[in-house]
Amino acid sequence: MNPWTLLGLNDDADERAVKRQYAKLLKVTRPDDDPEAFQRLREAYERVLDWARNRADEDDPYPPTVAEGPAMERSLKTAMPAHSPSDIVQPAQDADTFARQAARQLVEQTTAQNLTHQHRLAVEQGCDLLFQRRLLDRCLEVDSSDCDLLKAAIQELQWLTPWQSLRISADREIQLTQRLLDNEGVSLELALTESKERQFLAALQELTQQPWLASLERRDQLQRWVMFFLHNHKGWSAALFDRVCELFGWDDRKGVFPEPEFIWRHLVERCEKYAYIEHWQRLLAGGKTDSVEEKAARLVLQPGRKVDRLRLARYCNADVWIACERLCSTINHRYPEMLEAFPEADLQSWRTLRVEPMNAAVWTWIGWMLFTALFMIPNEMMKGPLDGVKAAVMLLMYPLFMTGLCLFAMRVWRPVCLAIEEADEWISDLLLPEWLHWPASQALLVRHGVPLVLIGVILHSQGPAAQLCYSLLMVAWVFLSPYRHPQVYAPIREAVKTFLHVNARKIFLSIVVIAAFAIYASLNPPITKPAPAHHSEQTAQALPGQLDCSSEQAMELMDKECRNAVLPERCADYSREQKISQCWRLRTRLQRELGIQATQGQ
């Protein structure tokens with residue numbers, strides 16, 4: 001369309017009228033509503049403004065209403081009747097018309113290779129400025145793709161430099177600079193696509209040294225163009241952005257950055273995101289799990305096998321779980337695109353590994369409590385009568401004593417275990433099955449196996465029953481261990497913890513009362529009625545106060561007592577030491593009963 005018609009102006013309008021009309025039309029045609037109409041309006045404005053500015057320097061009376069070239073010739077042939085060349089009188093051509101035709105023909109035949117030759121011809125024919133103006137129009141055409149010709153023209157004709165011979169309007173300088181920058185952007189985009197950031201930075205540094213970017217206005221345009229280029233392309237790192245900021249002197253803290261500000265803020269946010277992603281990628285690439293963040297990265301971003309996660313979670317403290325929670329929150333609320341960089345990330349599975357550490361003292365005490373209830377007390381009952389007070393004292397004191405002894409032994413054993421920890425884990429992985437080692441009971445062959453075997457050897461002296469009870473408890477610990485099923489025990493542990501927290505005072509007072517009663521009962525045993533005895537009376541008469549329980553006479557009396565007992569088979573296999581012990585208990589009890597009877601008789 002005719003640019004004058006598009007703007008609604010006459011072809012003799014001056015520069016001021018053009019600008020005022022363009023400002024009015026901008027209120028109606030906005031780039032957000034109709035980008036294509038705005039582009040046509042902008043192009044028409046630039047052409048008409050350039051024509052108005054240069055009208056005084058040119059003598060061409062024809063405004064750019066119709067495109068020159070083959071289209072003009074076709075239109076003229078259509079409008080004129082068909083006559084032979086001899087019938088038409090050709091008008092005389094003046095020097096200006098000849099110069100314009102020469103310039104047009106030279107521009108049509110110009111390429112990047114013969115530009116120097118064509119320019120020399122234009123100077124010789126006196127149409128240098130017309131040649132350059134038409135060449136500039138050709139380079140700025142919307143559908144122009146001859147980048148080499150534009151670069152050659154910039155170098156040969158020194159456009160956009162103080163040495164240019166053609167006067168170019170400010171708008172055309174901006175348009176020409178934009179076209180040159182867009183041409184350079186092809187190589188820069190290729191470098192980013194191939195992740196060649198060093199090559200990208202070197203090309204950008206070389207671009208800043210170009211002569212056509214020497215003026216302050218064009219350097220500002222370059223900085224805005226670079227900012228938009230980074231905004232429209234992905235694949236650059238935070239380190240590259242820092243180098244670009246250093247190259248142009250951008251500093252967010254000092255407020256030195258190109259406009260518009262919202263684009264700059266978006267770039268800063270992207271840089272922070274890239275820096276955050278690169279930080280976690282470096283942690284994973286290191287392959288270590290020493291720091292809190294390295295453990296969080298391994299648990300959340302690259303969890304791997306459950307065995308490895310359980311092994312790592314065993315050494316995690318509260319700081320690791322806080323780091324995992326913070327990482328997941330950042331991904332969900334700030335950088336959801338981070339999941340593209342870590343396709344194996346799992347933001348939920350690590351929560352199932354978060355189990356409070358086990359208290360070894362409590363579980364050791366529970367184990368000895370069960371051993372006392374299942375073996376020690378029944379064993380004492382097999383040896384003879386066992387009152388409830390003695391059983392309570394045994395159930396209370398024996399587990400506490402053995403737990404303290406085990407904790408002291410493990411404290412002594414711990415430095416040795418730490419010294420051989422790596423070798424212990426290696427040999428445990430080699431010899432123990434996975435269900436027993438990791439992630440089941442988390443047992444180590446040397447650290448846990450040696451103490452357990454030593455305790456089993458000590459208990460073997462108590463007889464096969466003690467060894468069997470201890471073995472059954474160990475098997476139950478392996479299969480029912482809280483290390484093996486942490487999530488199953490978690491509600492129970494939470495309920496117990498809540499109960500102890502609420503009833504701690506009551507429990508403490510109850511333990512004190514029971515302990516005091518047990519001590520009092522042991523110091524002041526209850527008075528019992530003498531049992532009617534037939535053979536016991538004979539035994540009592542045969543056991544004087546000074547009888548030696550280790551003598552043969554005492555052994556015969558114990559055999560006789562066993563034969564007359566209700567369950568003779570229980571004491572038939574007693575050894576000599578057991579008979580002596582039974583003799584001492586029987587003599588003491590009978591003496592106590594005789595003393596009580598004598599006191600009542602008085």
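Val-393 is found in helix α19. The model examined here is predicted. Val-393 counts as partly exposed, because its relative accessibility is 31%. Partly exposed residues fall between the 20% and 50% limits. Val-393 also belongs to a nonpolar surface patch. Its partners there are Trp-365, Leu-396, Met-397 and Leu-400. Together the five make a patch of about 410 Å². Helix α19 runs over residues 388-419. This helix supplies the largest share of the patch, with four residues.

The overall fold was examined next. The protein has 602 residues. Its secondary structure comprises 28 helices and zero strands. Of the residues, 34% count as buried. The accessible surface amounts to about 38200 Å². Carbon and sulfur atoms account for 58% of that surface. Contacts across the sequence were also counted. Among contacts between residues at least 6 apart in sequence, 64% join residues at least 24 apart.

Salt bridges number nine in the model. One of them joins Asp-251 to Arg-253. Their closest N and O atoms are 3.7 Å apart. The two partners differ in exposure. Asp-251 counts as buried, because its relative accessibility is 19% and the buried class ends at 20%. Arg-253 is exposed, with a relative accessible area of 80%. A network of salt bridges links Asp-252, Glu-261 and Arg-265.

Two further salt bridges involve helix α13. In one, Glu-272 pairs with Arg-334, and the closest N and O atoms lie 3.7 Å apart. Glu-272 lies in helix α13, which covers residues 261-286. Arg-334 lies in the loop between α16 (318-333) and α17 (338-341), so the pair ties together parts that are 62 residues apart in sequence. Glu-272 is partly exposed, at a relative accessible area of 40%. Arg-334 is exposed, at 51%.

In the other, the side chains of Lys-273 and Glu-337 meet at 4.0 Å, N to O. Lys-273 lies in helix α13 and Glu-337 in the loop between α16 and α17, so this pair ties together parts that are 64 residues apart in sequence. Lys-273 is buried, with a relative accessible area of 15%. Glu-337 counts as partly exposed, at 38% relative accessibility.

Glu-294 presents another case. This residue lies in helix α14, which spans residues 292-300. Glu-294 is buried yet has no salt bridge. The nearest side chain of opposite charge belongs to Lys-288, 6.2 Å away. A salt bridge requires the nitrogen and oxygen atoms to be within 4 Å, so a separation of 6.2 Å does not qualify. The side chain of Glu-294 does reach the backbone nitrogen of Ser-291, at 3.1 Å. Beyond its neighbours within four places in sequence, Glu-294 is in contact with Leu-283, Lys-288 and Thr-289.

Arg-172 is a charged residue in helix α9, which covers residues 170-193. Arg-172 is buried, with a relative accessible area of 9%. Neighbours within four places in sequence were set aside for its contacts. The remaining contacts are with Asp-50, Leu-136, Asp-137 and Leu-140.

Ala-99 is found in helix α5, made of residues 95-108. Ala-99 is buried, with a relative accessible area of 10%. Ala-99 touches Cys-127 and Leu-130, when residues up to four places away in sequence are not counted. Ala-99 and Leu-129 are 30 residues apart in sequence. In space, their C-alpha atoms are 9.9 Å apart.

Leu-472 lies in helix α22, formed by residues 464-480. Leu-472 counts as exposed, because its relative accessibility is 54% and the exposed class begins over 50%. Leu-472 and Phe-371 are 101 residues apart in sequence. Their C-alpha atoms are 10.0 Å apart in space.

Note on methods
Residues are numbered from 1 along each chain as its sequence is written. This is a predicted model: local features need pLDDT of at least 70, side-chain atom pairs count only at pLDDT 80 or more; totals for chains, interfaces and linings use all residues. Side-chain values use heavy atoms; hydrogens and water are left out. Helices (H or I, at least four residues) and strands (E, at least two) are DSSP runs, numbered from the N terminus. Buried means under 20% relative accessible area, exposed over 50%, partly exposed in between (1.4 Å probe, protein chains only). A polar contact is a pair of N or O atoms within 3.5 Å; within protein, one must be able to donate a hydrogen and the other to accept it, and residues adjacent in sequence count only if both atoms are side-chain atoms. Contact means heavy atoms within 4.5 Å. Patches are made of residues with over 30% relative accessible area and no salt bridge: like charges are joined within 9 Å, nonpolar side chains (Val, Leu, Ile, Met, Phe, Trp, Tyr) within 5 Å. Accessible areas come from the Shrake-Rupley method with a 1.4 Å probe; for residues, only the protein chains shown count as cover.
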